[in-house]
Amino acid sequence: MTDQMIRIAIVVASGVIGSLGFALIFGVAKKHFVFAVLSSLLSCLAFELVFALGGSIFMSALVSAGLTAAYSDIMGHKIKYPATVMIIIGIIPLVPGARL
């Protein structure tokens, strides 16, 4: 694996672990916990992939937030759980950090 792939894997893993903590703080039900954390995985992965393909930070965040919102809305209807909870947990990795 290249250094960039390893960096992306580490960033995605740390984003998901951080979102796990927020899911626990928000009291997400155990049966919906996996779906909420998957929104975080999707968000972080989409951000890193768009950024790695040459997108700006703004474009990466926009695409990532759009995918997270679509996933959360679809899954919210399927599992009958508020999409807002999954959206909030999903966008936690998008909070600016070192790149700002």
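A helix here is a DSSP run of H or I with at least four residues, and helices are numbered from the N terminus. With that in mind, let us walk through this predicted model.

**The whole chain**

The protein chain has four helices and zero strands. Reading along the sequence, you meet the pattern α-α-α-α. How far does the C-alpha trace extend along its principal axes? The spans are about 40 × 25 × 20 Å. The radius of gyration is 13 Å, which agrees with a compact globule, because a globule of 100 residues would have a value near 13 Å.

What share of the 100 residues is buried? Buried residues make up 32% of them. As for the surface, the protein chain exposes about 6000 Å², and carbon and sulfur atoms supply 76% of that area. Contacts also link distant parts of the sequence: among those between residues at least 6 apart, 67% join residues at least 24 apart.

**Two helices to compare by eye**

Here are helices α1 and α3, with their lengths and the residue that follows each.

| Helix | Residues | First to last C-alpha | Expected at 1.5 Å a residue | Next residue and its phi |
|---|---|---|---|---|
| α1 (residues 3-25) | 23 residues | 33 Å | 33 Å | Gly27, positive, near 70 degrees |
| α3 (residues 57-79) | 23 residues | 32 Å | 33 Å | Lys80, positive, near 55 degrees |

For helix α1, the reach of 33 Å is close to the expected value. For helix α3, the reach of 32 Å is likewise close to the 33 Å expected. Helix α1 is followed by Gly27, with a positive phi, and helix α3 is followed by Lys80, also with a positive phi.

**The buried side of α1**

Which residues of α1 are buried? They are Ile8, Val12, Gly15, Val16, Ser19 and Ala23. Try finding them in the structure, then look for what lies over them: the cover includes α2 (33-52) and α4 (83-91).

**The buried side of α3**

In helix α3, the buried residues are Ser60, Ser64, Thr68, Tyr71, Ser72, Met75, Gly76 and Ile79. These buried residues pack against α2 and α4.

Ser64 makes a good example from this helix. Is Ser64 buried or exposed? Its relative accessibility is 0%, so Ser64 counts as buried, the cut-off for buried being under 20%. Beyond its neighbours within four places in sequence, Ser64 is in contact with Ser43, Cys44, Ala46, Phe47 and Leu94.

**A nonpolar patch on the surface**

Now turn to the surface. Phe58, Met59, Leu62, Val63 and Leu67 make a nonpolar patch of about 460 Å². Val63 is found in helix α3, and so is Leu67.

Why are these two called partly exposed? That term covers values between the buried cut-off of under 20% and the exposed cut-off of over 50%. Val63 has a relative accessible area of 31%, so Val63 is partly exposed. Leu67 has 39%, so Leu67 is partly exposed as well.

Leu67 also has partners elsewhere in the sequence. Leaving aside its neighbours within four places, Leu67 is in contact with Leu42 and Ala46. Where does Ile87 lie relative to Leu67? The pair is 20 residues apart in sequence and 9.9 Å apart in space, C-alpha to C-alpha.

Definitions and conventions. Residues are numbered from 1 along each chain as its sequence is written. This is a predicted model: local features need pLDDT of at least 70, side-chain atom pairs count only at pLDDT 80 or more; totals for chains, interfaces and linings use all residues. Side-chain values use heavy atoms; hydrogens and water are left out. Helices (H or I, at least four residues) and strands (E, at least two) are DSSP runs, numbered from the N terminus. The radius of gyration is taken over C-alpha atoms; the globule rule is 2.2 Å times the number of residues to the power 0.38. Buried means under 20% relative accessible area, exposed over 50%, partly exposed in between (1.4 Å probe, protein chains only). Contact means heavy atoms within 4.5 Å. Accessible areas come from the Shrake-Rupley method with a 1.4 Å probe; for residues, only the protein chains shown count as cover. The expected span of a helix is 1.5 Å times one less than its number of residues. Patches are made of residues with over 30% relative accessible area and no salt bridge: like charges are joined within 9 Å, nonpolar side chains (Val, Leu, Ile, Met, Phe, Trp, Tyr) within 5 Å. A salt bridge is a side-chain nitrogen of Lys or Arg within 4 Å of a carboxyl oxygen of Asp or Glu.
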